[in-house]
Structures are given as C-alpha cells and as structure tokens.
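The exercises below are to be worked with the sequence and the coordinates open. Each task is followed by a solution in steps.

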Amino acid sequence: MSSEHLVTPATGSPAAAPSDVAGAPAIAFEGVRKEYAGAVAVDDLTLRVRRGELLVLVGPSGCGKSTTLRMANRLVEPSAGRILLGEEDVTDVDPVALRRRIGYVIQHVGLFPHRTVAQNVGTVPGLLGWDRARTRARVEELLALVGLDPARYARRWPHELSGGERQRVGVARALATDPPVLLMDEPFGAVDPVGRARLQQEFTRLQRELGTTVMMVTHDIDEAVRMADRVVVLSRGARVEQLATPLEVVARPATEAVADLVGRGRTARLLALGRLERADLDPAPAAPGAPVRAPADGVVRLGAELGDVVGALTQQIGGATAPGAVPVLDDDGRAVGTATAQTVLRALHRLTAERAAS
Ligand SMILES: Nc1ncnc2c1ncn2[C@@H]1O[C@H](COP(=O)(O)OP(=O)(O)OP(=O)(O)O)[C@@H](O)[C@H]1O
C-alpha cells in the first residue's frame, strides 16, 4: 500500500522574536475567508492555535479542513482576513521561505523516489547549505527519533520501505530543521489500522517531547480524540462547531453536528479517555490495605483507563466465581477498594458532569 507524502520542512530559523512572546498563539486565523470561483470553502474562520499544542481539525468531507491548513503556509491564498504566524502576517513572508519554516506532511505525495532515505531527510538542510557532517548527524538523529535505525535505513530507497516506514521518513524530513510549526493533512491515512495506531502514539510522544506546534487534519474522530490536545470540529464553510479537549468533545458535544460525528462509538471513546479515580470506587471497599489475591483474579490500578476496568470485569465472566468486582490498587500496590459496573457508570457520570460544569 502506498502511503507517501510530500514534506516541506522548515529552515530552522526560529520563529521571529516577537512570536516568542509568552501566550501569543503560534498561528492565528482572524476572520479568514476563502472562495474558489465564487464558492465559499471557508466562510469566516477565527481560530488560535496555541504554542506547543497538537490541534486536530476534524469534520465531514468538503467542510474546508485542507483549505484551512493550506492557507497557513500559503499553498492557498485567503480571499479575506488575516493569518498570523506568531505576530507576523503570513502574507508578508515570501511563500518559499514560509514553507521552509513550516513543516508539511500530506498523504499520497511521494518521497523523492531517486533519493535515499538519508538524502530525503537531508533535503532542506542541504538547500540551506549545512555542511555534510552536520546534515549527516541530523539525519541520523532524526531517523532514530522516528524509530528507524540509521544503519539499516539511511541508504535504502523509498520503494524498499513499507507504507508506515515511508510515513516515518516523511515525518523525519518535515522535522529536519526543527520547525516551530508542523502542518499535517491526513498523515497516517494510508497506513493499515495497526501500524496507524502505533504511528499515532509515537508521533504524539515525539511532538510532546519536541514541543512542536502541530495543526493536523483528519476525518477520523478516533484519531482526533486519541492524538489531540484540543479538537476543533468543523462543519461546512469551516464553521467552528466546537473547540475543546477530546474529553469535552466526546462527553459534551456542543452541537448536533458534533454529536453526529462522535456518534454511536461515544461510550467506547469515553471508556478509552476516562480514568478511574478514587471517588468512583465502590462506596463499600473490601478491606482497604488488605493484601490482594493472585493477579489472575484481575486487579486494576487507580488511574486505569475505564476500558481496562471493563476488561477486568469482563474477564470474570464464565469463571468459577464471578464476583462482579475487581480489587483496585494504589501506586504502592495497596488495595484501596473495588471496582464494579457501578464504579464505571459513576466514572462516566463524573466525566460528563465535569464537562458540564466547566
Ligand atoms: N482548488 C479548488 N478549486 C475549487 N474548489 C475547491 C478547491 N479546493 C477545494 N475546493 C472546494 O472547497 C471546499 C472545501 O474543500 P477542502 O478540501 O478544504 O475540504 P476538506 O474538509 O479538506 O475535505 P476532505 O475531507 O474531503 O479532504 C469543497 O467544497 C471543495 O470542493
């Protein structure tokens, strides 16, 4: 399966000094509109992307996600409004220079096929005149960072890679000069589900480690809630239906359109996002502090994903005894109570109520 993409990495020149002002958004869309031959793709978008966050744009096909993203690096010019990178209006920046400053990863556009992995990753450092030793060191560092052993991969050609490996090379290439901002359009869209989940997880870890500001487009709500610091749900014309944390979006959809998108998998998504807290436990905990029976009985820890609590309860079905409760341990391994089906319901209620109050 092909899962190639084009990357236009950054120059490495850090964002201009004024944009480093604490609290200033990394990217700001102010009353942005885009018409294609009279048809409105983006109506009147105002959106601030915080420095260092992973903001995911999600919404139905044709709602204006890609157009929004592509206006940030001037692949598409807005018809009206302003887009600021830090405090700088992007229309004041030469588009080529701008694109070297903003990493860009999209699906289905290839790595350079006649360049090795190392050459692909070193493209922009080369254009910027880095010397060989510096480029080579950076390429090796980046390949290791995205989980590709430089000794095994640096000299390979793109056609010798799996789809997931190509995506990794693409991400390495986009990060080559440490861009402050990375734009990603369906970056993992062509990878199989298992590889995709792993890439999502690894990329999120990498992004938090590097502190890169990322704006990412997907049509997959699960990908959005799994990866995002904040999710922005858009409807036709890039109208903002909700801008909130994944948990808020899933627990308290702000509009019908968001509720439709979150849809039938809502409970499963909540179970994946919610974590077990002390207050959720059964009010009559079994002998707090007591030693816990063999792990085969199934135990969970405070802070476990609610999905794992359900998993532990489900494991008991069909066993010799089905007490309907699993012991819950604290970080020191002491029993602090039990989790039952009621516990899970209580936790779900808490999650929903917390969001209602905020
Ligand atoms: N170059 C173009 N010329 C004319 N119309 C365009 C162009 N690019 C996009 N559009 C239109 O603008 C609207 C928004 O398109 P856009 O690609 O931004 O949506 P999207 O939310 O990213 O969709 P998808 O999830 O299907 O990729 C659509 O109606 C689309 O047909």
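A residue counts as buried if 20 or more other C-beta atoms lie within 10 Å of its own, as exposed if 12 or fewer do, and as partly exposed in between. The model is predicted. It has 14 helices and 13 strands, and buried residues make up 42% of its 358 residues.

**Exercise 1. Classify a loop residue**

Task: Decide whether Glu87 is buried, exposed or partly exposed.

Solution.
Step 1. Locate the residue: Glu87 lies in the loop between strand 4 and strand 5 (88-89).
Step 2. Count its neighbours: 15 other C-beta atoms lie within 10 Å of Glu87, so the residue is partly exposed.
Step 3. For a distance check, take Asp178, which is 91 residues from Glu87 along the chain; their C-alpha atoms are separated by 19 Å.

**Exercise 2. Positive phi outside glycine**

Task: Find where Arg74 lies and state the sign of its phi. Do the same for Glu186.

Solution.
Step 1. Start from the general expectation: most residues other than glycine have a negative phi.
Step 2. Arg74 departs from this, with a positive phi of about 65 degrees. Arg74 is in the loop between helix 1 and strand 4 (80-85).
Step 3. Arg74 has 18 other C-beta atoms within 10 Å and is therefore partly exposed.
Step 4. Phi of Glu186 is also positive, near 50 degrees. The loop that holds Glu186 runs between strand 7 (181-185) and helix 8.
Step 5. Glu186 has 19 C-beta neighbours inside 10 Å, so it counts as partly exposed.

**Exercise 3. The two sides of helix 8**

Task: Determine which residues of helix 8 are buried and how they are arranged around its axis.

Solution.
Step 1. Check the geometry: helix 8 (residues 193-210) has 18 residues and reaches 25 Å from its first C-alpha to its last, close to the 26 Å expected at 1.5 Å a residue.
Step 2. List the buried residues of helix 8: Arg196, Leu199, Phe203 and Gln207.
Step 3. Look down the axis: these buried residues fall within an arc of 65 degrees, so they line one face of helix 8. An α-helix has 3.6 residues a turn, so residues three or four places apart point the same way.
Step 4. Turn to the face away from the buried side, where Val194, Gln201, Arg205 and Glu209 are exposed.
Step 5. Identify the cover: strand 3, helix 7 (163-174) and strand 8 (213-218) are among the elements over the buried residues of helix 8.
Step 6. Follow the chain onward: just after helix 8, Gly211 takes a positive phi of about 70 degrees.

**Exercise 4. Strand 6 and its partner**

Task: Sort the residues of strand 6 by the direction in which they point.

Solution.
Step 1. In a regular strand the side chains alternate between the two faces of the sheet.
Step 2. In strand 6, Ile102, Tyr104 and Ile106 point one way, and Gly103 and Val105 the other.
Step 3. Check burial: 5 of the 5 residues of strand 6 (residues 102-106) are buried.
Step 4. Find the partner: strand 6 pairs with strand 7 in the parallel sense over 5 bridges, and Ile106 has Asp185 as its bridge partner there.

**Exercise 5. Tracing strand pairs**

Task: Which strands does strand 9 pair with, and in what sense?

Solution.
Step 1. Strand 9 (residues 230-235) runs parallel to strand 3 (residues 54-58), with 4 bridges between them. Leu55 stands opposite Arg230.
Step 2. Strand 9 runs antiparallel to strand 10 (residues 239-244), and 5 bridges join this pair. Here Val232 stands opposite Leu243.
Step 3. Strand 9 and strand 10 form a hairpin with 3 residues between them, and Gly237 in the turn has a positive phi of about 80 degrees.
Step 4. For a further case, take the open sheet of 3 strands in the order 11-12-13, with mixed pairing. Its edge strands are strand 11 (300-301) and strand 13 (335-340).
Step 5. Strand 11 is parallel to strand 12 (residues 325-329) over 2 bridges, with Val300 partnered by Val328.

**Exercise 6. The ligand shell**

Task: Which element gives the largest share of the shell around the ligand?

Solution.
Step 1. Residues around the ligand include Tyr36, Ala41, Lys65, Ser66, Thr67 and His219.
Step 2. Divide the shell by residue class: 3 nonpolar, 7 polar and 1 charged.
Step 3. Assign the residues to elements: the largest share, 3 residues, comes from helix 1 (residues 65-72).

Notes: Residues are numbered from 1 along each chain as its sequence is written. Two strands pair if DSSP finds at least two bridges between them. A residue is near a molecule or strand if its C-beta atom, placed from the backbone, lies within 6 Å of it. Ala, Val, Leu, Ile, Met, Phe, Trp, Tyr, Cys and Pro count as nonpolar, Asp, Glu, Lys and Arg as charged, and the others, Gly among them, as polar. The expected span of a helix is 1.5 Å times one less than its number of residues. The arc is that of the directions from the helix axis to the C-beta atoms. Two residues are in contact if their C-beta atoms, placed from the backbone, lie within 7 Å.
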